[in-house]
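Got the viewer open? Grab the selection tool and we'll take a walk through this one, stop by stop.

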Amino acid sequence: VSFGGRVLIKGYTTPQGAESQSLNRAQIGAIIVAVNEWVIPQNAAFSKVLEYMRMLIMYGPLTLLFAEDKEFMPWFKEVMIPRFDAQLKARALAQASRTG
């Protein structure tokens with residue numbers, strides 16, 4: 001999700017298998033700082049960052065560099081995630097009322 005000009009982790013799914021249990025995983029609210037050593041500029045278009053990551057993952061492993069702020073991350077998870085979810089729900093309801 002894009003927040004404050006940065007790309008942040010909003011959530012993730014837990015992969016299955018013993019191999020995946022050893023993966024280093026960023027926590028919700030962590031900032032994605034770089035993708036395969038390319039530093040993401042502040043205020044980069046979220047869609048462009050996702051497009052770049054999708055392109056790279058088609059050709060092999062993707063390495064992400066995260067920054068974590070231990071004070072920001074709990075606030076983001078407790079306050080902002082519910083707001084994002086409410087906004088998505090409101091948009092979906094508005095769309096459904098226009099098409100239904």
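The tour below starts with the whole chain, then moves to a helix, a surface patch, a loop and some charged pairs.

**Stop 1: the whole thing.** Before you zoom in, keep in mind that this is a predicted model. Switch to cartoon and colour by secondary structure: you should find 3 helices and 5 strands. Going along the sequence, they come in the order β-β-α-β-β-α-β-α. Now put a surface on it. The protein exposes about 7400 Å², with carbon and sulfur atoms supplying 57% of that area. Of the 100 residues, 22% are buried. If you like contact maps, take the contacts between residues at least 6 apart in sequence: 63% of them join residues at least 24 apart.

**Stop 2: helix 2.** Select 46–57, which is helix 2. Its 12 residues span 17 Å from the first C-alpha to the last, close to the 16 Å expected at 1.5 Å a residue. Which residues of helix 2 are buried? Show sticks for V49, M53 and L56. Then turn the view until you look straight down the axis of helix 2: the buried residues fall within an arc of 65°, so they line one face of the helix. What do they pack against? Bring up strand 2 (6–7), strand 3 (31–35) and strand 5, since these are the partners of that buried set. Now look at the face of helix 2 turned away from the buried side, where you'll see the exposed residues K48 and R54.

**Stop 3: a nonpolar patch.** Stay in the area and select M55, I57, M58 and Y59. Together they make a nonpolar patch on the surface, with about 520 Å² of accessible area. Click on M58, which sits in the loop between helix 2 and strand 5 (64–67). Is M58 buried or exposed? Its relative accessible area is 64%, and exposed means over 50%, so M58 counts as exposed.

**Stop 4: the loop before helix 2.** Go back along the chain to N43, in the loop between strand 4 (38–39) and helix 2. N43 is exposed too, with a relative accessible area of 60%. Now add R6 to the selection and draw a C-alpha to C-alpha distance: the two residues are 37 apart in sequence, yet 6.1 Å apart in space.

**Stop 5: charged pairs.** Side chains of opposite charge can pair when their charged atoms come close. How many salt bridges are there here? The count comes to 2.

For one of them, select D85 and K10, whose closest N and O atoms are 2.8 Å apart. This pair ties together distant parts of the chain: D85 belongs to helix 3 (residues 72–99), while K10 is in the loop between strand 2 and helix 1 (18–21), 75 residues away. Both ends are partly exposed, D85 with 36% relative accessibility and K10 with 28%.

For the other, select K70 and E68, where the closest N and O atoms are 3.1 Å apart. Colour this pair by accessibility: K70 is exposed at 59%, whereas E68 counts as partly exposed at 37%.

**Last look.** Zoom back out with helix 2 highlighted. Keep V49, M53 and L56 as sticks to mark its buried residues, and K48 and R54 to mark the face turned away from them.

Definitions and conventions: Residues numbered from 1 in each chain as written. Predicted model: local features only at pLDDT ≥ 70, side-chain atom pairs only at ≥ 80, totals over all residues. Heavy atoms only, no water. Patch = residues over 30% accessible without salt bridge, like charges linked within 9 Å, V, L, I, M, F, W, Y side chains within 5 Å. Areas by Shrake-Rupley, 256 points an atom, 1.4 Å probe, with all protein chains shown as cover. Salt bridge = Lys/Arg side-chain N within 4 Å of Asp/Glu carboxyl O. Helix = DSSP H or I, 4+ residues; strand = E, 2+ residues; numbered from the N terminus. Buried < 20%, exposed > 50% of the residue type's maximum accessible area, 1.4 Å probe, protein only. Expected span 1.5 Å × (residues − 1). Arc of directions from axis to C-beta. Contact = heavy atoms within 4.5 Å.
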